[in-house]
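The following briefing concerns a single protein chain and is organised by topic. Please keep the sequence and the model in view while reading.

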Amino acid sequence: PGHHMKLDSSSVTPIRAILPTSAVLLTAVRRFDWTSAPPKDLWRLFHFLKMPALRQLDISLGKVEDRWFSVQDRVIAPMLSSHPLSLNPVNLLLEFDALQELRVTCCDAEGLSSSLRKMAFPALSKLELFYDEMLVLSGPPSRKTEPVPCPKLPQLESIFREPRLVKLTQLTLYGFVLEMSATTAMLAYMPALQELYMDSCRGTVSI
């Protein structure tokens with residue numbers, strides 16, 4: 001039971017809490033699933049929860065405008081850059097040295113481009129990027145009747161701080177619009193790639 005950890009941010013209520021002065025070490029966690037993760041604040045959790053043995057990470061991103069909230073003077077508001085959880089936000093680099101499998105589900109391209117910029121995955125061998133329009137349709141009623149265009153897959157260098165995934169052997173893309181030049185440039189960062197899956201993707205790609 002200690003090897004698998006799940007978190008659903010959609011059910012988390014902001015509370016006043018004493019912040020830890022150092023990171024909490026979770027040495028037994030091998031797999032971590034996170035639902036409704038706020039894209040721009042994704043790094044905050046991993047800054048204080050260290051999982052050195054993490055092998056699998058499954059993240060379902062919320063909308064790009066979703067943020068973590070804090071309670072200050074009985075007022076609920078998005079975390080400011082001066083908040084203690086925002087320590088060193090610019091130069092921070094979180095390294096997942098043991099992570100081998102990463103799956104990210106997004107509901108907009110902007111969220112995908114802003115969620116992983118403070119993270120490094122040097123041992124990554126399997127990457128899955130999914131666009132799920134149902135996450136958009138689950139929003140307010142006024143948005144449900146609007147057409148949901150598939151987003152273009154962002155360039156790899158806009159998703160990862162280090163786009164060279166030299167150990168990656170398996171890549172899965174689902175639901176994105178693919179442009180030939182951007183896709184071929186992305187594959188150039190993956191010299192060890194052995195398996196490539198594209199499902200429900202649109203566009204023209206020459207490989």
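Asp41 is a buried residue, because its relative accessible area of 0% falls under the 20% limit for that class. The coordinates examined here are those of a predicted model. Asp41 sits in the loop that runs between strand 3 (31-37) and helix 1 (42-48). Once neighbours within four places in sequence are set aside, the contacts of Asp41 are with Arg67 and Trp68.

**Overall architecture**

- The chain contains 6 helices and 15 strands.
- Its length is 207 residues, and 41% of them count as buried.
- Among contacts in the chain with a separation of 6 or more, 79% join residues 24 or more positions apart.
- The chain has an accessible surface of about 11,500 Å², and carbon and sulfur atoms contribute 54% of that area.

**Nonpolar core**

- The largest nonpolar core comprises 44 residues, and Phe46 and Leu102 have the most contacts inside it.
- At least two residues of this core come from each of strand 3, helix 1, strand 5 (56-61), strand 9 (101-106), strand 11 (126-131), helix 5 (156-159), strand 12 (170-174) and helix 6 (180-188).
- Helix 1 gives the most to the core, with 4 residues.
- Not counting residues up to four places away in sequence, Phe46 touches Phe32, Trp34, Met51, Leu57, Leu94, Phe96 and Met119.

**Second largest pocket**

- Phe46 also belongs to the lining of the second largest pocket, for which the computed volume is about 200 Å³.
- The other lining residues of this pocket are Leu49, Lys50, Met51, Pro52, Leu54, Leu94, Glu95, Phe96, Asp97, Ala98 and Leu99.
- Two or more residues of the lining are given by strand 4 (49-50) and by strand 8 (94-95).
- By class, the lining of the second largest pocket divides into 9 nonpolar and 3 charged residues, with no polar ones.
- Met51, Leu94 and Phe96 line this pocket and are also among the residues that Phe46 touches.

**Enclosed cavity**

- Searching the whole structure yields 1 cavity of 30 Å³ or more.
- The largest cavity has a volume of about 40 Å³.
- The lining of the largest cavity consists of Leu153, Pro154, Gln155, Leu156, Val177, Leu178, Glu179, Ala182, Thr183 and Met186.
- Strand 13 (177-178) and helix 6 each provide at least two of these lining residues, and helix 6 gives the most, with 3 residues.
- The lining residues of the largest cavity fall into 7 nonpolar, 2 polar and 1 charged.
- Helix 6 is also one of the elements that supply at least two residues of the largest nonpolar core.

**Glu101 and its surroundings**

- Glu101 is located in strand 9.
- Glu101 counts as partly exposed, because its relative accessibility of 30% lies between the limits of 20% for buried and 50% for exposed residues.
- Glu101 and Lys126 are separated by 25 residues in sequence, whereas their C-alpha atoms are 4.7 Å apart in space.
- Apart from neighbours within four places in sequence, the residues in contact with Glu101 are Arg55, Gln56, Leu57, Leu124 and Lys126.
- Leu57 therefore appears in the contacts of Glu101, since contact means heavy atoms within 4.5 Å, and Leu57 is also one of the residues touched by Phe46.

Definitions and conventions. Residues numbered from 1 in each chain as written. Predicted model: local features only at pLDDT ≥ 70, side-chain atom pairs only at ≥ 80, totals over all residues. Heavy atoms only, no water. Buried < 20%, exposed > 50% of the residue type's maximum accessible area, 1.4 Å probe, protein only. Core = buried A, V, L, I, M, F, W, Y, C linked by side-chain atoms within 4.5 Å. Areas by Shrake-Rupley, 256 points an atom, 1.4 Å probe, with all protein chains shown as cover. 1 Å grid on protein atoms, 1.4 Å probe; cavity = no way out; pocket = protein on both sides within 12 Å on 5 of 7 lines; lining within 4 Å. Points joined across faces, edges and corners; volume = space filled by probe spheres on them. Nonpolar A, V, L, I, M, F, W, Y, C, P; charged D, E, K, R; others polar.
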